[in-house]
Amino acid sequence: MRLNKFLSSCGVASRRKCEEIILEGRVQINNKVVLTLATDVNEKKDVVSLDGKVLSLPNDFVYLKLNKPKGYACTSSDERGRKTIFDLVESDVRLFNVGRLDYDTEGLIFLTNDGDFANMVTHPRFNIEKEYIATVEGEMKESELAVLRKGVVENGVRMPQAKVKLLGYDGKFSKVSVVIDEGQNRQVRRMFDCIGKSIKLLKRVRIGKVVLGGLYRGKTKPMTQEEIDFFKDIK
């Protein structure tokens, strides 16, 4: 098994993050520091450790949905001392978040110790749709919605197209559904910034076929087998 997959399967982090950890010199195999990403592990014979702690593959995987509130960082430890999503989770198993939501964005995020599952959800080639509901100041014009759908131009570079639908306007704020399948850093907020619109609240309500539903802010819920299988069946 490739080392980054082994680390991810042990619940350390996603495969991409595990590659960073390897390059930082924090991983040892049989008491020797490993810096080569292409290293293979014999999970039955090799002793793999991270920061001096021996790792082992879990017997069972955990898959949780979390409704992340605003004001929580998507990390296990925040260097600025802010609250993290793991302050909201009670688990005897070491979990990591699948993808991220920025500090001021709320909504659906997955927590797991299954690295292969995390890879399926986050890998760009699978084009998993993510739906957000943006509460935007002012009335959204059809011409502005059309620009978002086509892909706004930021610093001379066109951003990806998006599925955009106006859900309503109450005289002060517009509610807009935005569906993307790439997930660039702060992509939705940047889209609205480019057309001069300010987002009051941004919530992710769907990843693939998995919806947030009635899950309360700050609460977790086990994913159903059907929800898990949706990602594992992607080819």
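Hi everyone, this is a short walk through one helix, a few strands and one loop residue. Please keep in mind that we are looking at a predicted model.

Let's begin with helix α5, which covers residues 187-194. Is this helix mostly covered or mostly open? Covered: six of its eight residues are buried. Those buried residues are Q187, V188, R189, R190, M191 and F192. And what do they pack against? You'll find β8 (130-137), α4 (142-150), β9 (153-154), β12 (173-180) and β13 (199-207) around them. After α5 comes G196, and its phi is positive, near 75°.

One of those packing partners, β12, deserves a closer look. Strand β12 is mostly covered too, with seven of its eight residues buried. It pairs with β8 in an antiparallel arrangement, and eight bridges join the two. If you'd like a pair to find on screen, try Y132, whose bridge partner in β12 is V178.

β12 also pairs with β11, residues 163-169, again antiparallel, this time over six bridges. Here you can look for K165, which stands opposite S177 in β12. β11 and β12 make a hairpin, with three residues between the strands. In that turn sits G171, with a positive phi of about 95°.

Last stop: G213. Where is this residue? It lies in the loop between β14 (210-211) and β15 (220-222). Why does G213 count as exposed? Because its relative accessibility is 57%, and the cut-off for exposed is over 50%. For a sense of distance, G213 and V27 are 186 residues apart along the chain, and their C-alpha atoms are separated by 39 Å.

Thanks for listening!

Methods: Residues are numbered from 1 along each chain as its sequence is written. This is a predicted model: local features need pLDDT of at least 70, side-chain atom pairs count only at pLDDT 80 or more; totals for chains, interfaces and linings use all residues. Side-chain values use heavy atoms; hydrogens and water are left out. Helices (H or I, at least four residues) and strands (E, at least two) are DSSP runs, numbered from the N terminus. Buried means under 20% relative accessible area, exposed over 50%, partly exposed in between (1.4 Å probe, protein chains only). Contact means heavy atoms within 4.5 Å. Two strands pair if DSSP finds at least two bridges between them.
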